[in-house]
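Q: Please pick one part of this model and take me through it closely. I'd like to hear what sits around it too.

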Amino acid sequence: MSRLALAPLAILLIAAPVAADDPREAWAALVNGGHVALIRHGNAPPGYGDPPGFKIDDCATQRNLDERGRAQARALGEAFRQHGVRVDKILSSPWCRCLETARLLALGPVENAWAVAASDKSPDRLAALKLLVSGWRGPGTLVVVTHALTVQALVGIMPGQAETVVLRPRLAGEPGGDIVGRIPVPE
């Protein structure tokens with residue numbers, strides 16, 4: 001094969017990672033409706049998990065958003081509004097950092113849902129989340145504010161804090177969703 005014949009293939013291989021990181025397709029899917037936006041909660045130092053002895057109904061015992069996390073949530077909500085995304089439903093993990101992120105998006109009422117706090121360690125919740133995702137038809141967007149390990153268990157991606165992963169619900173009764181794209185944390 002000549003070098004000239006290989007040139008288009010080389011260009012495609014070089015451009016492919018750039019296209020995958022381009023959030024335009026993800027935003028377009030959300031604007032069109034019928035998709036699911038998985039949002040990892042905003043910045044909540046110092047890392048993963050909660051302190052020993054935390055209580056789900058006591059935010060003072062949990063790892064919570066800091067000012068950066070709150071700003072990320074507000075900026076993401078503003079980005080949804082600027083792009084004209086219609087949000088029909090917002091579900092949040094019951095952890096305080098997720099609930100606060102969801103509320104600071106200011107996109108509508110927030111429902112607390114254990115199913116969106118799933119991981120590989122909670123197979124029943126993960127199965128319920130997959131059914132929830134595959135059953136979404138819109139007409140607008142379903143926003144799910146959750147944890148990195150939930151997104152990883154669902155679609156194999158470990159998102160950054162306040163990052164959005166956009167899913168197209170699977171059809172024909174197959175649980176889960178397919179990745180449309182990712183939206184980085186707004187700065």
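A: Let's settle a word before anything else: buried means under 20% relative accessible area, exposed means over 50%, and partly exposed is in between (1.4 Å probe, protein chains only). Helices (H or I, at least four residues) and strands (E, at least two) are DSSP runs, numbered from the N terminus. This is a predicted model, where local features need pLDDT of at least 70 and side-chain atom pairs count only at pLDDT 80 or more, while totals for chains, interfaces and linings use all residues. Residues are numbered from 1 along each chain as its sequence is written, and side-chain values use heavy atoms, with hydrogens and water left out.

The part I'd pick is strand β4, residues 141–146. Six of its six residues are buried, so β4 is largely enclosed by the rest of the structure. Both faces are covered: Thr141, Val143 and Val145 are buried on one side, and Leu142, Val144 and Thr146 on the other. As background, side chains in a regular strand alternate between the two faces of the sheet. For the chain as a whole, 45% of its 187 residues are buried.

Now for the neighbours. The sheet is open and has six strands, in the order β3-β2-β4-β1-β5-β6, with mixed pairing; two strands pair if DSSP finds at least two bridges between them. That order puts β4 between β2 and β1. On the β1 side, the pairing with β4 is parallel and has five bridges, and Arg40 stands opposite Thr146 of β4. On the β2 side, five bridges again join the strand to β4, also running parallel, and here Ser92 is opposite Val145 of β4. In general, strands of a sheet pair through backbone hydrogen bonds, either parallel or antiparallel.

Moving outward, β2 (residues 87–92) also pairs with β3, in the parallel sense, over three bridges. One of the matches there is Ile90 with Val110. Strands β3 (110–112) and β6 are the edges, each pairing on one side only.

Helices pack on this sheet as well, and two of them touch β4. Contact means heavy atoms within 4.5 Å. Axes are lines fitted to C-alpha atoms, for helices over the stretch in contact, and angles run from 0 to 180 degrees between N-to-C directions. Helix α2 touches β1, β4, β5 and β6, and its direction makes about 120° with that of β6. Helix α4 touches β1, β2, β3 and β4, and its direction makes about 145° with that of β4.

Take α2 (residues 24–32), where Ala26, Trp27, Ala29 and Leu30 are buried. Seen down the axis of α2, these buried residues fall within an arc of 160°, so they line one face of the helix; the arc is that of the directions from the helix axis to the C-beta atoms. What covers them includes β4, along with β1, α3, β5 and β6. On the other side of α2, Arg24, Glu25 and Asn32 are exposed. Gly33, just after the helix, takes a positive phi of about 85°.

Helix α4 brings in the one disulfide of the structure, a disulfide being a pair of cysteine sulfur atoms within 2.5 Å. The link joins Cys59 to Cys96, with 1.9 Å from S to S, and is left-handed, at -85° about the S-S bond. Cys59 lies in the loop between β1 and α3, and Cys96 in α4 (residues 96–105), so the pair ties together parts that are 37 residues apart in sequence. Cys59 is partly exposed at 38% relative accessible area, whereas Cys96 is buried at 8%. Cys98 is in no disulfide, and the nearest cysteine sulfur, that of Cys96, is 9.4 Å away. Cys98 is buried too, with a relative accessible area of 0%.

Last, a word on confidence. pLDDT is the predictor's confidence in each residue, from 0 to 100. The chain averages 89, and 89% of the residues score at least 70. Over residues 1–20, though, the pLDDT is below 50, and this stretch has one contact in the model beyond near neighbours in sequence.
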